[in-house]
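Trainee: I should like to understand how terms are applied to a structure. May we go through one together?
Mentor: Certainly; please look at the entry below.
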Protein chains: 2
Amino acid sequence: MSSSRPLRADARRNREALLVAAREALLADEDAHVEEIARRAGVAVGTLYRHFETREALVAEVYRQEVAELCATPARLLTRHAPDEALRTFLLLLVEHAAVGRGMGEALESIMATDSPVFDDARDEMARALDELLAAGVAAGLVRGGMSGRVVLRALGGICGLRAKGWKDDALRIVTILYDGLRYGAAKRG
Amino acid sequence: MSSSRPLRADARRNREALLVAAREALLADEDAHVEEIARRAGVAVGTLYRHFETREALVAEVYRQEVAELCATPARLLTRHAPDEALRTFLLLLVEHAAVGRGMGEALESIMATDSPVFDDARDEMARALDELLAAGVAAGLVRGGMSGRVVLRALGGICGLRAKGWKDDALRIVTILYDGLRYGAAKRG
DNA sequence: CACACAAACGGAGTCCGATTCACCTTATGG
DNA sequence: CCATAAGGTGAATCGGACTCCGTTTGTGTG
């Protein structure tokens, strides 16, 4: 599928420009219009649609890249912190990330709460990252068993969907509830 | 505001028909078109817009009614169950309700996760219902303090937004996490 | 009962996005 | 340098929500 001949030079440049433009535009306004994104990238809408099936596909790709970065952190956290601390820190990190513009929060929500195939990769990656944290926690007797990364992902969807006034404060409290809920009944008492 | 002269008979009938039609249509398809809803109600779109500011306002009203019912249950539950059991049961009930068509889930999510003024009433009502449960739990030493109904509401948004394949199973696990997270550190150990 | 008229209705038309497509432009392999 | 297929363009189309105004109708009044 994705293994056709390499893109022509100008095509690769435009594709890149579109992703950059989309990231900027979405940061400024979660429902930036395709015309606006194309304009920023210095191309016409037709070009945008040559590279991305739909507007949503473009948005998905932008956030897939963000998520990829995010997913690299659990492994890093586990080298420096106890599994439960790593888990807590990662949850808090997600809240921070959701703060980078409503758009990111919305995308994370789609990743976490739906089966939209556009986000399949991102979802798998994220679930895997959480599995890593949970497994380490369970192994250390600090986290209850029976909860998959996928489930925690779903629970987090609620945080990322928040877009109310005092949302960040609420998000932190929710992390506390989830974190304590995950520790509940673990082998060792925190 | 809402205290003009009573509606003309036909107007009241149409308004009612629109709400019924919308409930049916939304149950069948969460993004039913306004034309479709109007057709089912046997009126033209103009009439729909005479009664409801926007499509969203109509949808909000439909679900506000559902929510109103739901909000009456905590009080009832508290007369029959211990506060923690009542809390757990109510959370499970929400999951069931979210199951009544994706539309309801989506609306509940809007109620829980956003500040959309359309849902102000529903949100307040729901938060009040949860406060009641939490307060009873705290008083009995079964639930941790410091968590408002509003916060729990936000946390639940994640559940209602679920629309993935194994979502119900996931929802139940999430309720477990939240429930245990809310009991964590309560005066008495469960 | 007939009339007056404000309230309510109908539905074609407007607006505003995303998406398409027929026709140009331009890398690039030979 | 050419041929040509990949790539680009943007006016046109499509699909929704929403508006507007001429027409119809319920209802209070004489």
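Trainee: What makes the pair formed by a polar side-chain atom of A:His33 and a sugar or linking oxygen of DNA strand C a polar contact?
Mentor: The two atoms lie 3.2 Å apart. A polar contact is a pair of N or O atoms within 3.5 Å; within protein, one must be able to donate a hydrogen and the other to accept it, and residues adjacent in sequence count only if both atoms are side-chain atoms. The value of 3.2 Å for A:His33 therefore meets the limit. Please note that this is a predicted model, in which local features need pLDDT of at least 70, side-chain atom pairs count only at pLDDT 80 or more, and totals for chains, interfaces and linings use all residues. Residues are numbered from 1 along each chain as its sequence is written, chains are lettered from A and ligands numbered from 1 in the order in which they are written, and side-chain values use heavy atoms, with hydrogens and water left out.

Trainee: Which part of DNA strand C does a polar backbone atom of A:Arg55 approach?
Mentor: That backbone atom is 2.8 Å from a phosphate oxygen. The side chain of A:Arg8, by contrast, has an N or O atom 3.4 Å from a base oxygen of the strand.

Trainee: Which residues come nearest to DNA strand C?
Mentor: Of the 21 residues around the strand, they are A:His33, A:Tyr49, B:Arg8, B:Asn14 and B:Thr47. A residue is near a strand if one of its heavy atoms lies within 4 Å of it. The strand's own atoms within 4 Å of the protein are 66% sugar or phosphate, and the rest belong to bases.

Trainee: How do you know that the buried residues of H2(A) line one face?
Mentor: Helix H2 (residues 34-41) of chain A has A:Val34, A:Ile37, A:Ala38 and A:Ala41 as its buried residues. Seen down the helix axis, they fall within an arc of 95°, so they line one face. The arc is that of the directions from the helix axis to the C-beta atoms. On the other side, A:Glu35 and A:Arg39 are exposed.

Trainee: Why is B:Gly145 called partly exposed?
Mentor: Buried means under 20% relative accessible area, exposed over 50%, and partly exposed in between (1.4 Å probe, protein chains only). B:Gly145 has 44% relative accessibility, so this residue counts as partly exposed.

Definitions and conventions. Helices (H or I, at least four residues) and strands (E, at least two) are DSSP runs, numbered from the N terminus.
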